[in-house]
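Here is a friendly briefing to read with the model open beside you. The notes are grouped by topic, so feel free to jump to the part you need.

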Amino acid sequence: MPISTVLMLSAREANYSGMGRFSKADSCHVLSRYLPVHGPWLVDGMNSKAYVSQFSPDGTLFVAGFQGSHIRIYNVDNGWKLQKDIIARSLRWTITDTSLSPDQRYLVYSSLSATVHIVNVRSASTESYGNINEIHYGLDFSINDGFGIFSVKFSSDGRELVAGTDYKDVYVYDLEANKVALKISAHSLDEVFGA
């Protein structure tokens, strides 16, 4: 029977061994199951720096956003094959965040502007050039001017977007109504970009 790592962690936290930590054997067991033992290996190369990256919730896709306008989606289960190469539209310095919809059909990306773009990532084409061969629909978050979006995420039901800005506010965007539904003053001004 395989040894449950959860039970091992519980026993360590409860200090059943009296050592307050894993034994060397327990450490080897956990490390061999959960830490990579091979690699690293090169998956892809770009001429610009990667700024953001994330796995899809189910771990089958990996999304990476680069300063040079590219967002690449790799299919992890298919040997890290490039599934989509998105050329961002209206880029300001870098891609600041990306988020896949819960059904993994759409991707949103933000830059240092008040517009978030949404792209269909299940289309047939591997390459997606903003508003050239595929639509990158712009969602306008600008209730007021002069802010950039640093973070954007889909809600768990995929009906709303939540965006954090450099100007003290968090926005909730209703995708069905196609407008900002809520603005929350949530944090202090970003000193790098704010006044």
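Strand β12, which covers residues 169-174, runs antiparallel to β13, and six bridges join the two. Please keep in mind that this is a predicted model. The notes below start from that strand pair, then move to the cores, a buried serine and the chain as a whole.

**The sheet around β12 and β13**
- Four strands form an open sheet in the order β10-β11-β12-β13, and their pairing is antiparallel.
- At the edges of this sheet are β10 (149-154) and β13 (179-185), each of which pairs on one side only.
- From one strand to the next, the twist averages 20°.
- If you would like a landmark on β12 and β13, look for Y171, which stands opposite K183 in β13.

**The nonpolar cores**
- The largest nonpolar core has 15 residues, and V108, V116, F141 and L161 are the ones that touch the most other members.
- At least two residues of this core come from each of β7, β10, β11 (160-165) and β12.
- The biggest contributor to this core is β10, with three residues.
- Another core, of 13 residues, lies apart from the largest one, and its members include V63, I73, Y109 and V121.
- L161 is a handy residue to select: with neighbours within four places in sequence left aside, its contacts include V108, V116, L139 and F141.
- The contact list of L161, under that same exclusion, also has V152, K153, F154, Y171, V172, Y173 and L175.

**A buried serine in a loop**
- S113 sits in the loop between β6 (106-110) and β7 (115-120).
- Is S113 buried or exposed? S113 counts as buried because its relative accessible area is 12%, below the 20% limit used for that label.
- The side chain of S113 comes to 3.3 Å from the backbone nitrogen of T115.
- Not counting residues up to four places away in sequence, S113 touches R92, F147, G148 and I149.

**The chain as a whole**
- Two helices and 13 strands are found in the chain.
- The chain has 195 residues, and buried ones make up 36% of them.
- Among contacts with a separation of 6 or more, 38% are between residues 24 or more positions apart.
- The exposed area of the chain is about 11700 Å², and carbon and sulfur atoms supply 54% of it.

Key. Residues numbered from 1 in each chain as written. Predicted model: local features only at pLDDT ≥ 70, side-chain atom pairs only at ≥ 80, totals over all residues. Heavy atoms only, no water. Buried < 20%, exposed > 50% of the residue type's maximum accessible area, 1.4 Å probe, protein only. Polar contact = N/O pair within 3.5 Å; in protein donor to acceptor, adjacent residues only side chain to side chain. Contact = heavy atoms within 4.5 Å. Pairing = 2+ DSSP bridges. Axes fitted to C-alpha atoms, helices over the stretch in contact; angles between N-to-C directions. Areas by Shrake-Rupley, 256 points an atom, 1.4 Å probe, with all protein chains shown as cover. Core = buried A, V, L, I, M, F, W, Y, C linked by side-chain atoms within 4.5 Å.
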